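Me: Please take a close look at one part of this model, the open sheet, and tell me how it is put together and what lies against it.

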Amino acid sequence: MKRHLIAMTLAAVFALTAPLNLSDTGSSTGYQQAVAAESSVDGMKRLNLIIKKLRDAMGSMKDFDELEKAGLNKKDVDRMRQAMESKIRQMMEDAIYAIRSL
Amino acid sequence: MSAFAVIKKVVLISLVAWLALFSTESVAGDARNVNFAAFQKVDPNFEFDPIVLGKFSDFISVMDGAQILILSHTADSINNDVINIQQDVLRQGKEGLGDVGINCQLSYLDESTPESTSYEIGGFCKILDVGDGHENKLLAVIPMTGLPDTAQGVDAWIMLYEDEASGTAFYANVSVH
């Protein structure tokens with residue numbers, strides 16, 4: 001009799017908790033998926049921003065020729081070119097990091 | 001422009017030039033702060049003066065027909081610094097990512113000697129208005145320009161560049177404090 005009571009209790013606990021656990025697990029997976037999807041969207045947005053800035057910075061390299069035409073000293077313009085190249089390298093590293101994070 | 005306005009400008013330019021050439025009151029070799037400001041006209045009748053007097057707040061108040069876009073203070077600048085100033089907004093639109101604002105790269109030279117001071121700035125600024133049907137990118141090339149030094153006793157700002165189409169103007173000076 002005692003065994004039957006224990007078995008019935010275990011069965012009842014299992015019957016009540018199992019669906020709860022399942023439902024709990026289902027909700028958690030949904031949440032995680034939503035977070036992952038959101039983080040992926042944010043990651044893509046971040047990557048788009050970096051790529052846009054990177055493209056603009058690369059396009060700026062030709063603008064330094066205009067500075068020389070305007071009479072700026074070549075030595076000064078070369079220093080500005082180096083500064084821009086350094087920024088471009090930094091942005092490329094940021095872009096690689098953003099791609100890896102997707 | 002009235003005769004009085006012309007005389008005022010001539011007097012101001014002469015005053016600042018005189019201070020730049022003959023005053024060595026402040027010790028040459030002390031690092032200066034480079035101050036840079038960009039304005040855009042909101043009143044089409046407003047005219048930018050080539051030289052404007054006033055400390056930061058007075059300077060901004062005087063520009064009553066323009067809105068300030070950037071006010072930048074680069075502390076302790078030294079000879080050969082490359083100063084980057086960026087104030088633009090990337091905005092997602094229907095056609096993709098837009099970009100509106102100003103992006104500058106400036107070369108700063110401090111060629112002061114123990115006898116006299118000399119501060120110059122030059123480079124380029126991009127005035128961007130891209131997105132929402134616009135595709136305007138203006139490259140403003142700023143030739144090397146001598147900067148007034150407020151440490152010489154006059155808080156003067158010199159106009160580096162004006163783009164009449166967009167109503168944008170850039171001003172700069174150097175200061176110790």
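Reply: Two strands are taken as paired if DSSP finds at least two bridges between them. On that basis, this predicted model has an open sheet of four strands in chain B, in the order 4-5-6-7 and with antiparallel pairing. Strand 4 and strand 7 of chain B are its edges, each pairing on one side only. From one strand to the next the twist averages 5°.

To place the sheet in its chain: chain B has two helices and nine strands, and their pattern along the sequence is α-β-β-α-β-β-β-β-β-β-β. Of the contacts in chain B with a separation of 6 or more, 63% are between residues 24 or more positions apart. Of its 177 residues, 32% count as buried.

Start at one edge. Strand 4 (residues 81-93) and strand 5 (residues 96-110) of chain B run antiparallel and are joined by 13 bridges. A hairpin of two residues leads from strand 4 to strand 5 of chain B. Within this pair, Leu90(B) stands opposite Asp99(B) of strand 5. At the other edge, strand 6 and strand 7 of chain B are also antiparallel, with eleven bridges between them. Here Gly131(B) is set opposite His134(B) of strand 7.

Chain A comes in against this sheet. Helix 3 of chain A lies across strand 4, strand 5 and strand 6 of chain B, and runs at about 140° to strand 5. Between the two chains, 14 residues of chain A are in contact with 14 residues of chain B. Helix 3 of chain A gives the most to chain A's side of this contact, five residues. Helix 1 (2-60) and helix 2 (63-69) of chain A are also among the elements that supply at least two residues each. By type, that side of chain A divides into seven nonpolar, two polar and five charged residues.

The sheet also feeds the largest nonpolar core, which has 39 residues. In soluble globular proteins, nonpolar side chains tend to be buried together. Strand 6 (119-131) of chain B provides the largest share of this core, seven residues. Strand 5 and strand 7 (134-146) of chain B each supply at least two, as does helix 3 of chain A. Cys125(B), Trp157(B) and Tyr171(B) are among the residues that touch the most other members. Leaving out residues up to four places away in sequence, Tyr171(B) touches Ala37(B), Val52(B), Trp157(B), Ile158(B), Met159(B) and Leu160(B).

Technical notes. Residues are numbered from 1 along each chain as its sequence is written. Chains are lettered from A and ligands numbered from 1 in the order in which they are written. This is a predicted model: local features need pLDDT of at least 70, side-chain atom pairs count only at pLDDT 80 or more; totals for chains, interfaces and linings use all residues. A residue is buried if 20 or more other C-beta atoms lie within 10 Å of its own, exposed if 12 or fewer, and partly exposed in between; C-beta atoms are placed from the backbone. Two residues are in contact if their C-beta atoms, placed from the backbone, lie within 7 Å. Ala, Val, Leu, Ile, Met, Phe, Trp, Tyr, Cys and Pro count as nonpolar, Asp, Glu, Lys and Arg as charged, and the others, Gly among them, as polar. A nonpolar core is a set of buried Ala, Val, Leu, Ile, Met, Phe, Trp, Tyr and Cys residues joined through C-beta atoms within 7 Å. Axes are lines fitted to C-alpha atoms, for helices over the stretch in contact, and angles run from 0 to 180 degrees between N-to-C directions.
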